[in-house]
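The following report describes a molecular model for a reader at the bench. Please look over the sequence and the structure before reading on.

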Amino acid sequence: MVEFKLPDVGEGMHEGEITRWLVKEGDFVTRDQPVVEVQTDKVNAELTSPATGVVNKMFFAVGDTVEVGATLYVIQPEGEEEKKPAAVPPAAPRQARALATPYVRQMAREMSIDLDDVAGTGPAGRVVESDLIQYAERKKAGPTPDNRPKEQEAKTEAASVKPLLLGESEERIPLKGIRKKIAEHLTKSATIIPHVTHVDELEMDAVKEWRDRIKEYADRKNIKLTFLPFFIKAIVIALKEFPTLNASIDDETNEIVLKHYYHIGIATDTEDGLIVPVIKHADQKTILELAAEISQLSFLAREGKLTLDQISGGTFTISNVGPIGGLQATPIINHPEVAILALHKMEPRMVVRNWEGVIRLMMNMSLSFDHRLIDGVTAVRFTNRIKELLENPNLLFAELR
Amino acid sequence: MMVYSENQRKSFDETTISADMYQVLSEQGDLLSSLDGKIDDSLMLHMYEKMLLVRLFDRKSVNLQRQGRMGTYAPFEGQEASQVGSALALSPGDWMFPTYRDHAAAIVHGQDLYRIFLYWMGHVEGSICPEGKRIMPPCVPIATQMVHAVGTAWASKRKGEKTASIAYFGDGATSEGDFHEALNFAGVFKTPTIFFCQNNGYAISVPFEKQSASKTIAQRAAAYDIPGIRVDGNDIFAVYLMVKEAVERGLRGEGPTLIEAITFRYGAHTTADDPKKYRDQETLSQEWREKRDPLARLQKLLQKRGIWNEKLEEQWLAQMNEQIDLHLEKAERYPKADPVGMFEHVYAEMPWNIREQQEECRSFFKKDVKIS
């Protein structure tokens with residue numbers, strides 16, 4: 001029997017996440033054949049088999065986080081007969097030592113709890129923080145045989161009791177992959193930047209009329225023309241006039257970086273989560289060019305084929321949640337940018353013009369900005385300018401390059 | 001020195017730097033010029049055989065690292081022609097200063113495979129080279145070996161020995177001070193040093209154009225008045241012929257040569273690096289493999305000359321795999337590496353301060369630190 005233990009493939013890593021099994025239990029593998037793919041904080045590595053033989057047992061599933069040194073799978077090498085006694089499961093790794101993160105181990109030591117006595121409810125039977133707390137509470141309640149179940153019993157008991165805990169059922173999904181990246185990034189943005197959100201509405205009739213007039217022309221060129229390119233144009237013009245909105249703060253050097261390039265990120269919803277493809281040099285592109293690029297980028301985003309270059313380097317982000325619905329929002333800025341504009345649902349609304357109630361096509365927009373750099377008045381002037389340009393597309397036309 | 005006036009003055013934009021590179025064997029496996037008997041059929045086969053061996057060795061090493069049987073490893077697949085070609089151009093007694101990625105060169109110059117396995121398993125014995133060979137331990141600090149290579153070449157010259165020194169380094173090393181110091185010194189003393197740069201385009205993650213405004217690395221030789229040659233680093237003939245000429249020049253007393261071999265590593269910087277984070281790894285790697293692979297190119301020529309067939313290759317592969325396995329077994333039979341060994345070969349005789357450090361290190365490990 002050859003046990004394959006997770007090696008430290010990334011220079012000083014402690015754990016890795018199983019991202020893919022390339023074989024199944026019972027499969028025959030040859031020496032140096034890739035068996036499992038592991039993602040660490042440094043590399044994504046295919047781990048190859050040290051021997052030729054049959055993969056007898058795999059101890060972890062895709063998505064499990066495994067500590068360095070834990071046995072991932074066992075191979076019955078070719079030519080080595082399975083001995084009878086070995087048929088009894090050869091010391092499964094989690095029996096050798098309970099699985100837990102260093103944090104939980106530390107906690108267990110402080111609470112004087114032996115991890116091997118605790119039934120783990122985490123992935124692959126891993127002992128998690130709540131298991132320790134529950135264990136300690138049960139222990140406090142008194143050492144009756146009932147509330148000191150052995151590990152295996154506790155597991156089956158937990159499984160059968162769970163559905164009866166009405167109203168308190170929960171599911172634990174490991175935070176990983178893109179979702180984890182999003183979580184980390186948003187935490188960083190929200191922690192560093194003092195956010196303020198300012199909301200305004202704009203009248204879309206004029207720009208809609210304009211769009212409808214050139215839509216056929218765009219169709220002929222096979223370009224899907226939405227309102228977004230008009231917004232991008234108006235935003236870029238406004239950004240040039242209010243340079244602090246197209247900037248970032250370099251915390252290390254204590255400098256404000258005003259950017260003279262206009263890379264506009266478009267928050268895009270994909271199956272895996274939110275991705276922000278970036279339109280580079282948006283100020284130098286025509287409305288139709290922008291429309292074509294938006295279609296292409298959102299297609300690539302949904303196919304998961306964007307390159308790193310296509311999702312980085314943005315200077316300002318637009319979050320177009322309008323098609324889904326909603327009145328207003330407090331979007332979180334895409335750090336190190338300093339502002340983000342959310343566009344909401346466009347709908348006919350009753351508004352007052354010349355002291356009369358009329359119906360107009362209205363849309364709300366919410367601008368979150370970094371209050372360290374941008375004063376409230378500047379932010380309002382910025383959205384006022386966008387509003388002015390879009391409500392009077394002739395002005396927009398005059399400013400186009 | 002002459003003077004020139006305004007109307008003879010060249011404009012600032014006028015430049016004479018060329019980015020062209022020397023090639024002998026085209027990507028399609030055709031000879032672009034006659035070899036004049038400098039490379040015969042048996043040498044061609046030998047070149048191919050060596051490239052095949054080191055490629056297998058390299059792949060095996062990555063696998064061993066991925067199985068936890070070896071520490072971090074720096075793969076060189078893609079750079080075989082540069083390393084094998086340059087090493088074959090040397091005489092057995094020439095000094096070699098490899099980096100951590102130049103095992104192919106070291107193997108061709110006479111290093112045993114098991115020593116290289118040992119090196120990456122953490123054994124100091126991995127740095128020992130066979131008796132009579134002058135292969136220095138792989139240099140991990142960047143560019144420091146270049147000045148050493150100038151030193152040994154200068155010493156050889158003063159002793160009247162007919163030996164040259166070759167320093168291997170990457171494009172990243174050319175931004176270090178040691179690179180310039182070495183070139184300057186070698187130029188002044190006309191030492192028989194070959195500065196062999198494998199420009200694989202990336203200093204770990206930094207592409208060359210972000211590293212330097214120089215168009216080429218070879219052009220920097222001009223500043224020290226030594227020849228700077230740019231060759232196709234995936235063309236083993238071009239590399240071999242240029243290095244050979246540089247060695248002969250050096251031994252004639254004409255001084256050092258800087259050779260820039262343009263190549264590409266297919267894989268990561270090391271097994272602890274993920275190239276997808278800084279370049280379009282799949283596309284780039286595939287493009288180089290398909291268009292410029294050093295082995296495929298030579299294989300085409302060998303096939304055209306009727307001296308290669310698949311059966312021969314299979315035979316070689318079987319022999320080589322067996323050879324690699326034997327060396328691996330030998331390396332894995334070594335007792336586990338002892339960390340205090342790292343103090344042992346700093347000086348011929350250990351001074352008191354190093355001994356003190358060794359003792360301190362030993363008592364640290366004696367405490368049997370348990371890492372949970």
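Which residues have the most contacts inside the largest nonpolar core? In this predicted model, that core has 82 residues, and those with the most contacts inside it are B:Val84, B:Ile166, B:Phe195, B:Phe196, B:Val243 and B:Ile259. The largest share of the core, ten residues, is contributed by helix 8 of chain B, which spans residues 236-251. A second core of 52 residues is separate from it and includes A:Leu228, A:Leu245, A:Ile340 and A:Ala379.

The chain that holds helix 8 can also be described as a whole. Chain B has 372 residues, of which 41% count as buried, and its secondary structure comes to twelve helices and seven strands. Among its contacts with a separation of 6 or more, 76% join residues that are 24 or more positions apart.

Two residues of chain B illustrate such surroundings in detail, and the table lists their contacts, leaving aside neighbours within four places in sequence.

| Residue | In contact with |
|---|---|
| B:Ile166 | B:Ser86, B:Leu90, B:Asp94, B:Met96, B:Phe97, B:Ala149, B:Ile194 and B:Phe196 |
| B:Lys157 | B:Thr191 and B:Pro192 |

B:Lys157 is found in helix 5 of chain B, which covers residues 144-159. Is B:Lys157 buried or exposed? B:Lys157 is buried, because 22 other C-beta atoms lie within 10 Å, where the cut-off for a buried residue is 20 or more. The C-alpha atom of B:Lys157 is separated by 9.5 Å from that of B:Phe189, although these two residues are 32 residues apart along the chain.

The packing of one helix pair can be followed in similar detail. The axes of helix 4 (residues 113-120) and helix 11 (residues 310-333), both of chain B, come within 8 Å and cross at roughly 45 degrees. That angle makes helix 4 of chain B oblique to helix 11 of chain B, and the crossing of the two helices is right-handed. On the side of helix 4 of chain B, the residues that meet the partner helix are B:Leu113, B:Tyr114, B:Phe117 and B:Leu118, while helix 11 of chain B brings B:Ile324, B:His327, B:Leu328, B:Lys330 and B:Ala331 to the pair.

For chain A, there is also an annotation from a record. An unreviewed UniProt entry lists residues 99-136 of chain A as "domain: Peripheral subunit-binding (PSBD)". In the model, this span of chain A is 45% helix and 0% strand, and its end C-alpha atoms lie 18 Å apart.

Terms used:
Residues are numbered from 1 along each chain as its sequence is written. Chains are lettered from A and ligands numbered from 1 in the order in which they are written. This is a predicted model: local features need pLDDT of at least 70, side-chain atom pairs count only at pLDDT 80 or more; totals for chains, interfaces and linings use all residues. Helices (H or I, at least four residues) and strands (E, at least two) are DSSP runs, numbered from the N terminus. A residue is buried if 20 or more other C-beta atoms lie within 10 Å of its own, exposed if 12 or fewer, and partly exposed in between; C-beta atoms are placed from the backbone. Two residues are in contact if their C-beta atoms, placed from the backbone, lie within 7 Å. UniProt positions are given in the numbering used here, feature names are shortened, and annotations may be inferred rather than shown by experiment. A nonpolar core is a set of buried Ala, Val, Leu, Ile, Met, Phe, Trp, Tyr and Cys residues joined through C-beta atoms within 7 Å. Axes are lines fitted to C-alpha atoms, for helices over the stretch in contact, and angles run from 0 to 180 degrees between N-to-C directions. Angles under 35 degrees count as roughly parallel, over 145 as roughly antiparallel, 65 to 115 as roughly perpendicular and the rest as oblique. A crossing is left-handed if the near helix is turned anticlockwise from the far one by less than a right angle, and right-handed if clockwise.
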